[in-house]
Amino acid sequence: MSQVIQIFMSGLAEGCIYALVALGFVLIYKATEMVNFAQGDLMMLGAFVGYFLIVGLGANYWIALVGAVVIMAVFSYALDVFVLRRVIGQPQFAVVMLTIGLGFVFRAAASMIWGANPLAFVTPFTDGTTSIGGAPIPDVSLSIVAGTAVLCGLLFALFQYTPVGVAMQAASQNQLAAYYMGIPVKRIFALIWAISGGVAAVAGILLAPLTLIDTSIGFLGLKAFAAAVLGGFGSIPGALAGGIAIGLIEQFSGVYLMDGFKDIAAYVVLLLVLFVRPQGLFGAAARKRV
Amino acid sequence: MRYQFKTSYDRDIDLFGDAAQRNWYLALLAVLCAAPLVLEQFWLGELSYVFILSIAAVGLMLLTGYTGQVSLCHGAFLGIGAYAYAVLLQRGVPFFVAAPLASLITAGVGAAIGFPALRLVGIYLAMATLAFNFIVEYVFVHWDSVTGGFSGFAVPQPTVFGYSIVDYPLFYYLTLAALLFALFVANNIMRAPTGRALIALRDSEVAAQSMGVKLTRYKTISFALSAGLTGFAGAFFAHKIGYLAPDAFGILLSIQLLLMVVVGGLGSFRGAIFGALFVGALPSVIALLRDFLPQSVARQPGLEPGLFGLILIGFILFEPHGIEGRWRKLRLFFSQFPMYRVATFKKQKSFTKSERFR
């Protein structure tokens with residue numbers, strides 16, 4: 001029993017990271033219809049910025065967390081203003097290729113600045129454990145789950161109760177109508193990029209004690225992408241559910257199924273789900289207007 | 001300035017636009033055939049590598065450029081072709097049977113993945129093909145008895161026309177012939193009713209369907225043909241790398257193939273070849289550039305992928321039609337020399353075309 005709880009908790013923690021990155025994808029997709037393949041690499045940059053603030057500047061963990069979120073938000077805002085805004089009017093495919101290219105550049109830049117060796121920093125959660133149901137659970141896992149919950153609550157409040165959040169919802173439902181109502185659609189889109197950059201930074205810093213930081217953690221974005229598609233691209237609850245589902249599937253298949261299956265379990269499940277429900281679990285049924 | 005007058009319907013589906021174009025291509029072919037007389041073996045090897053990549057890019061172009069279906073699993077198709085071919089060779093099948101058979105097997109796999117993937121659109125299709133790529137890689141690693149597992153196996157080297165297949169210039173001529181064959185097949189498909197149907201369903205599925213194009217059938221055909229061509233390239237790719245191991249056919253290869261198609265220019269086989277030439281030659285060019293850069297920059301490990309990314313970004317921002325688009329502009333510039341206007345190729349208006357279902 002205690003083994004099951006342990007596996008469940010580590011799957012949940014891993015799943016929360018996927019869910020956070022998937023959340024970043026979905027926020028951008030819902031608003032701007034752009035598919036951001038570089039989200040995983042934004043997360044990697046967030047982790048590196050956190051490392052720089054904590055180890056390089058000696059900042060407190062919490063200050064560094066806020067600092068990294070702000071830096072990544074500003075960076076993503078600028079990214080939208082200077083790069084992504086220019087491809088409006090090109091097919092979705094072009095945006096996918098563009099963000100794949102951005103991912104390559106981010107990875108190269110990170111390896112030039114911070115080197116190719118894995119790095120680590122100390123957090124208040126490192127090495128601690130808490131007992132749940134007789135099973136020792138690492139504090140790191142708990143911090144990830146709690147962090148995800150808090151962040152989701154904040155985002156929910158933002159979208160539901162603030163004028164900016166309502167404007168964001170309006171812009172994602174109908175750009176033209178929002179524009180006519182006096183909403184600065186361009187700035188709103190850039191703000192959405194900023195939010196998903198910030199979410200990526202949180203994901204990166206929460207992930208850092210679980211694995212080491214190196215340039216390859218951006219590839220985690222691919223699995224998060226599978227999570228977003230599994231949940232139905234464009235559905236925020238779907239992204240969260242998909243992320244957690246994939247995290248759990250991975251951990252359990254790693255323990256109970258054959259060797260090495262862990263790495264592709266997420267993709268096998270994704271393919272099966274897509275063949276049965278082409279729009280993902282929570283996606284709206286596809287009906288195209290002619 | 002030259003005008004093309006089409007005086008019959010046959011002219012419209014001719015393989016070459018006019019006599020001048022045909023003569024230029026024949027001249028290029030003559031130059032390529034004569035290349036082994038002057039070039040060293042290293043450069044012949046590089047050229048045949050580009051030819052092999054071109055075959056795969058032509059296959060992907062058929063699917064992505066002409067049918068409008070994104071695929072992130074062509075690296076896996078190339079791998080399936082290479083493995084199938086090498087395993088057949090191991091079992092004693094001669095070269096001239098093994099290569100087409102490998103292509104057929106890959107086409108079968110392509111149809112098998114294409115058929116269920118038909119219901120998927122846009123990003124869901126991209127993700128499903130990406131997932132397929134990972135699964136194929138897993139199969140390569142874990143199907144020990146056939147693929148040799150993680151460590152892989154060396155590709156047997158059959159004798160063709162009395163020489164070992166990896167001898168130059170024989171290998172060079174074989175890949176050149178294979179590329180010509182692939183181009184001939186692909187071009188013929190595109191000027192036949194099948195190709196027209198593919199283009200129609202790329203431009204509008206609804207319109208194509210109402211004109212009587214069966215979507216299921218043509219999408220499956222497109223997947224199968226594309227995979228078949230890529231598998232055919234895989235047979236030669238196996239010899240080029242000499243030793244098959246699963247990590248050669250990962251997601252990065254798929255992205256590289258997609259890069260060729262985008263950088264080359266979507267919707268043109270010539271673009272696919274431009275793209276393959278570009279991607280195939282880029283590592284050598286970067287290696288040459290390294291000598292001129294300061295030590296601290298030149299020795300950075302991330303230099304090559306970083307440049308890849310920058311070039312990709314540059315193309316999408318500044319030349320969305322790829323090298324082929326630039327080539328057309330250049331040609332028009334020279335053919336109407338003092339009269340060229342930049343506005344000829346200017347897009348009339350740009351807006352976000354919603355791909356969302358409401």
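**Close-up views of a predicted two-chain model**

**View 1. A salt bridge in chain A joins Asp80(A) and Arg85(A).** In this predicted model, the closest N and O atoms of the two side chains sit 3.8 Å apart. Is Asp80(A) buried or exposed? Asp80(A) counts as buried, at 4% relative accessibility. Its partner Arg85(A) is partly exposed, and the relative accessible area there is 25%. Zooming out for a moment, a search over all chains turns up nine salt bridges in the whole structure.

**View 2. Glu205(B) pairs with Lys219(B) in a salt bridge.** Here the closest N and O atoms are 3.0 Å apart. This one links distant parts of the chain: Glu205(B) belongs to helix 10 of chain B (residues 205-210), while Lys219(B) belongs to helix 11 of chain B (residues 215-241), with their positions 14 residues apart. Which way does each end lean, buried or partly exposed? Glu205(B) is partly exposed at 27% relative accessible area, whereas Lys219(B) is buried at 4%.

**View 3. Glu319(B) and Arg326(B) make another of the salt bridges.** The closest N and O atoms of this pair are 2.9 Å apart. Glu319(B) is the buried end, with 7% relative accessible area. Arg326(B), on the other hand, is partly exposed at 44% relative accessibility.

**View 4. Ser268(B) sits in a loop of chain B, between helix 12 and helix 13 (269-290).** Ser268(B) is buried, with a relative accessible area of 6%. What does its side chain reach? At 3.2 Å it meets the backbone nitrogen of Arg270(B). Setting aside residues up to four places away in sequence, Ser268(B) touches Met61(B), Tyr66(B) and Glu324(B). Two of the names in this view come up again in a salt-bridge network: Arg270(B) and Glu324(B) are linked there with Arg328(B). So Ser268(B), which counts as buried at 6% relative accessible area, has its side chain reaching the backbone of one network member, Arg270(B), and is in contact with another, Glu324(B).

**View 5. Thr106(B) is a buried residue in helix 5 of chain B.** Its relative accessibility comes out at 0%. Which residues does Thr106(B) touch, if those up to four places away in sequence are not counted? The list runs to Phe77(B), Ile80(B), Gly81(B), Ala227(B) and Gly231(B).

**View 6. Gly197(A) is a buried glycine in helix 8 of chain A.** The helix covers residues 185-207, and Gly197(A) has 0% relative accessibility. Leaving aside neighbours within four places in sequence, Gly197(A) is in contact with Met72(A) and Ser76(A). For a sense of scale, take Trp62(A): it is 135 residues from Gly197(A) along the chain, and the two C-alpha atoms are separated by 18 Å.

**View 7. Two spans of chain A that UniProt lists as transmembrane regions.** The entry is unreviewed, and under "transmembrane region" it gives residues 6-28, 95-116, 144-167 and 264-286 of chain A. How do residues 6-28 look in the model, helix or strand? That span is 100% helix and 0% strand, and its end C-alpha atoms lie 34 Å apart. Residues 95-116 of chain A are 91% helix and 0% strand, with the end C-alpha atoms 28 Å apart.

**View 8. Chain B meets chain A through 49 residues of chain B and 53 residues of chain A.** About 4,700 Å² is buried between the two chains, and carbon and sulfur atoms give 73% of that area. How many salt bridges cross between chain B and chain A? The count is zero. Residue pairs in polar contact across the two chains also number zero, where both residues must be at pLDDT 80 or more. On the chain B side, the elements giving two or more residues are helix 5 (95-117), helix 6 (122-142), helix 12 (251-264) and helix 15 (303-318). Helix 6 of chain B brings the largest share, 11 residues. And what is that side of chain B made of, sorted into nonpolar, polar and charged? The residues divide into 34 nonpolar, nine polar and six charged.

Key
Residues numbered from 1 in each chain as written. Chains lettered and ligands numbered in written order. Predicted model: local features only at pLDDT ≥ 70, side-chain atom pairs only at ≥ 80, totals over all residues. Heavy atoms only, no water. Contact = heavy atoms within 4.5 Å. Buried area = accessible area lost by both parts, 1.4 Å probe. Salt bridge = Lys/Arg side-chain N within 4 Å of Asp/Glu carboxyl O. Polar contact = N/O pair within 3.5 Å; in protein donor to acceptor, adjacent residues only side chain to side chain. Helix = DSSP H or I, 4+ residues; strand = E, 2+ residues; numbered from the N terminus. Nonpolar A, V, L, I, M, F, W, Y, C, P; charged D, E, K, R; others polar. Buried < 20%, exposed > 50% of the residue type's maximum accessible area, 1.4 Å probe, protein only. UniProt positions renumbered as here; feature names shortened; annotations may be inferred.
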